[in-house]
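Colleague: Could you take me through the helix contacts, the cysteines and the unusual backbone positions of this model, with the cut-offs behind each term?

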Amino acid sequence: MSFSGQSIAITGGSSGLGLHLAKAFSQQGARVALMARDGDRLKEAESACGNGTLTFPGDVTSEADCKEFIEAVTAKFNGLDHLIANAGLSMWARFEDVEDLALYRRLLEVNYLGIVHCVHPALPALKKSRGQVVVISSIQAKVGVPFHSGYGASKHALEGFIDTLRYELDGTGINLLKVYPHWIRGTNLRQHALGPNAEPIGDRKRAHANSGVTVEQCAAAIQSAMARRKPALYVPWTLRYVQILKNLFPGAVRWYIRRKVGDQK
């Protein structure tokens, strides 16, 4: 698939993975639309991607914002070929230490309802284009990780939502691509993660061990999977065995995950 002339809407597109994808698609001649909360960063993203880029300041937790974003995209580009639901929020807190349970509501609003709010108004345009929805999930949709109880739960909810849509949209021509990345280096996801008080941990963030993939590697893998209209993508590919190993050797998998989390400072 050539992305030249294709219309691509990306949430969380002002930084990190979303911005890398936006710049890569723009360089290939795609028509890109970006939605994010930070208006200043959106302006910088527009400059990086080109003047033809549509930017929309908005919050995925707002159903109205998402509807207006999709309407703006389809109006400017006369349709929509790809919706990349990239906006996301993480956490770092032991469940018993959480001081404000609003943390869990916020994670569901961003990581689950934020996708629902965008996909619903986009379906008519995507049916016409026989396009695709790309959701940036996490390997935590398959296996739980300590200190991420709310994050993992929101990704599990997303998993069920997309799996159900596969049945309901069968025959429409819409492809649903679920992306399961490892920790992505080069983003601010950890810095923006919520702590026990439901506030971003900022400079108190914990560092990951020397694992994961770079944001450039992840973006390139997603582009390739979109071009081939794959149903699922694991980054790196070895993560596809996590679910199998969890079912066969649950105790060993728990030990390994505890050890890896313990390596994070």
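Colleague: Is F147 buried, partly exposed or exposed?

Modeller: This is a predicted model, in which local features need pLDDT of at least 70 and side-chain atom pairs count only at pLDDT 80 or more, while totals for chains, interfaces and linings use all residues. Residues are numbered from 1 along each chain as its sequence is written, and side-chain values use heavy atoms, with hydrogens and water left out. Buried means under 20% relative accessible area, exposed means over 50%, and partly exposed lies in between, with a 1.4 Å probe and protein chains only. F147 has a relative accessibility of 23%, so F147 counts as partly exposed.

Colleague: Where does F147 lie, and what is its phi?

Modeller: F147 lies in the loop between strand 5 (132-136) and helix 5, where helices (H or I, at least four residues) and strands (E, at least two) are DSSP runs numbered from the N terminus. Although F147 is not a glycine, its phi is positive, at about 70°.

Colleague: Which loop holds A198, and is A198 buried or exposed?

Modeller: A198 also has a positive phi, of about 65°, without being a glycine. The loop that holds A198 runs between helix 6 (189-192) and strand 8 (213-214). With a relative accessibility of 17%, A198 counts as buried.

Colleague: What kind of peptide bond joins V235 and P236?

Modeller: P236 is placed in the loop between strand 9 (232-235) and helix 8 (242-248). Omega for the bond that joins V235 and P236 is about 0°, and the bond is cis.

Colleague: How are helix 4 and helix 5 oriented to each other?

Modeller: Helix 4 (residues 102-129) and helix 5 (residues 149-168) pack with their axes 8 Å apart and at an angle of about 20°, the axes being lines fitted to C-alpha atoms over the stretch in contact and the angles running from 0 to 180 degrees between N-to-C directions. Angles under 35 degrees count as roughly parallel, over 145 as roughly antiparallel, 65 to 115 as roughly perpendicular and the rest as oblique. Helix 4 and helix 5 are therefore roughly parallel.

Colleague: Which residues make that contact, and how do they divide by class?

Modeller: Contact means heavy atoms within 4.5 Å, and on the helix 4 side Y104, L107, L108, N111, Y112, I115, V116 and V119 meet helix 5 residues that include Y151, K155, L158, F161 and L165. Here Ala, Val, Leu, Ile, Met, Phe, Trp, Tyr, Cys and Pro count as nonpolar, Asp, Glu, Lys and Arg as charged, and the others, Gly among them, as polar. The residues of the contact of helix 4 with helix 5 divide into 12 nonpolar, 4 polar and 1 charged.

Colleague: How are helix 1 and helix 7 oriented to each other?

Modeller: The axes of helix 1 (residues 16-27) and helix 7 (residues 215-227) come within 9 Å of each other, and they cross at roughly 55°. On the same scale of angles, helix 1 and helix 7 are therefore oblique.

Colleague: Which residues form the contact of helix 1 with helix 7, and how do they divide by class?

Modeller: Helix 1 contributes G16, L17, H20, L21, A24 and F25, and helix 7 contributes V215, E216, C218, A219, I222, Q223 and M226. The contact of helix 1 with helix 7 has 9 nonpolar, 3 polar and 1 charged residues.

Colleague: How many disulfides are there?

Modeller: A disulfide is taken as a pair of cysteine sulfur atoms within 2.5 Å. A search of the whole structure gives 0 disulfides. For C49, the nearest cysteine sulfur is that of C218, 17 Å away, and C49 is in no disulfide. The number of disulfides found is thus 0.

Colleague: Is C218 buried or exposed?

Modeller: C218 is in no disulfide either, with the sulfur of C49 as the nearest cysteine sulfur at 17 Å. The relative accessibility of C218 is 0%, so C218 counts as buried.

Colleague: Which residues does P181 touch?

Modeller: P181 is placed in strand 6 (residues 175-181), and P181 is buried, with a relative accessible area of 6%. Not counting residues up to four places away in sequence, P181 touches I136, S137, S138, I139, C218, V235 and L239.
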